[in-house]
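The report below is meant to be read beside the sequence and the coordinates. It takes charged pairs as its starting point and then turns to the interior and the surface.

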Amino acid sequence: QVQLVESGGGLVEAGGSLRLSCEASGMILSMNDMAWYRQAPGKQRELVAVISNGGRTHYVNDVKGRFTISRDNAKNTVWLQMNSLEPEDTAVYFCNAEVFVLDMAKYMTYWGKGTLVTVSS
């Protein structure tokens, strides 16, 4: 079994910063893309940022220049540094990873349970 566990959420004032972490554990042989998604109240889950195994990154327009995604392949960990936070960034943030599962001999997509980020105005 593979588990993704997020941490680092909380309450912050507008303009502040938070750093989210997500660590993958279990029978992991390798991982492809790792990503952060978010779901605001009453809205659909949306992609925030993704990073490939080689470090190539992609961000949605709303967070470009404010958020930075990074990863450590040796630690099976991905981070999301969030600066200049805005009330519109309030959401539950979910970690997502494509993991090669040895028992199944293929890549499977896993999700964490999420961590709440609340930005006050």
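Glutamate 86 is partly exposed in this predicted model, because its relative accessible area is 33%, a value that lies between the 20% limit for buried residues and the 50% limit for exposed ones. Its side chain meets that of arginine 66 in a salt bridge, with 3.9 Å from N to O. Arginine 66 lies in the loop between strand 6 (57-59) and strand 7, whereas glutamate 86 lies in the loop between strand 8 and strand 9, so the pair ties together parts of the chain that are 20 residues apart in sequence. Unlike a partly exposed residue, arginine 66 counts as buried, because its relative accessibility is 10%, under the 20% limit.

Arginine 66 also forms a salt bridge with the side chain of aspartate 89, at 2.7 Å from N to O. This pair, too, links distant parts of the chain, with arginine 66 in the loop between strand 6 and strand 7 and aspartate 89 in the loop between strand 8 and strand 9, 23 residues apart. Salt bridges that share partners join Arg38, Glu46, Arg66, Glu86 and Asp89 into one network, and a search of the whole structure finds four salt bridges. Three of them are set out here.

| Salt bridge | Distance, N to O |
|---|---|
| Arginine 66 and glutamate 86 | 3.9 Å |
| Arginine 66 and aspartate 89 | 2.7 Å |
| Arginine 38 and aspartate 89 | 2.9 Å |

Aspartate 89 meets the side chain of arginine 38 in a salt bridge of 2.9 Å, and this pair links aspartate 89, in the loop between strand 8 and strand 9, to arginine 38 in strand 4, 51 residues away. Aspartate 89 counts as buried, because its relative accessibility is 1%, and arginine 38 is likewise buried, with a relative accessible area of 4%. Side chains of opposite charge can pair when their charged atoms come close.

The nonpolar interior is the next topic. The largest nonpolar core has 32 residues, and those with the most contacts inside it are Trp36, Leu80, Met82 and Tyr93. Several strands each supply at least two residues of this core, among them strand 1 (2-7), strand 3 (18-26), strand 4 (28-39), strand 8 (77-82) and strand 11 (115-120). The largest share, six residues, comes from strand 9.

Threonine 115 has its place in strand 11 and is buried, because its relative accessible area is 10%, under the 20% limit. A polar atom of the threonine 115 side chain lies 3.2 Å from the backbone nitrogen of glycine 9. When neighbours within four places in sequence are left aside, threonine 115 is in contact with Glu6, Ser7, Gly8, Gly9, Leu20, Ala91, Val92 and Tyr93; Tyr93 is also one of the residues with the most contacts inside the largest nonpolar core.

At the surface, Met27, Leu29 and Leu102 make a nonpolar patch of about 310 Å². Methionine 27 lies in the loop between strand 3 and strand 4, and it counts as partly exposed because its relative accessibility is 47%, which is not over the 50% needed for an exposed residue.

Definitions and conventions:
Residues are numbered from 1 along each chain as its sequence is written. This is a predicted model: local features need pLDDT of at least 70, side-chain atom pairs count only at pLDDT 80 or more; totals for chains, interfaces and linings use all residues. Side-chain values use heavy atoms; hydrogens and water are left out. A nonpolar core is a set of buried Ala, Val, Leu, Ile, Met, Phe, Trp, Tyr and Cys residues joined through side-chain atoms within 4.5 Å. Buried means under 20% relative accessible area, exposed over 50%, partly exposed in between (1.4 Å probe, protein chains only). Helices (H or I, at least four residues) and strands (E, at least two) are DSSP runs, numbered from the N terminus. A polar contact is a pair of N or O atoms within 3.5 Å; within protein, one must be able to donate a hydrogen and the other to accept it, and residues adjacent in sequence count only if both atoms are side-chain atoms. Contact means heavy atoms within 4.5 Å. Patches are made of residues with over 30% relative accessible area and no salt bridge: like charges are joined within 9 Å, nonpolar side chains (Val, Leu, Ile, Met, Phe, Trp, Tyr) within 5 Å. Accessible areas come from the Shrake-Rupley method with a 1.4 Å probe; for residues, only the protein chains shown count as cover.
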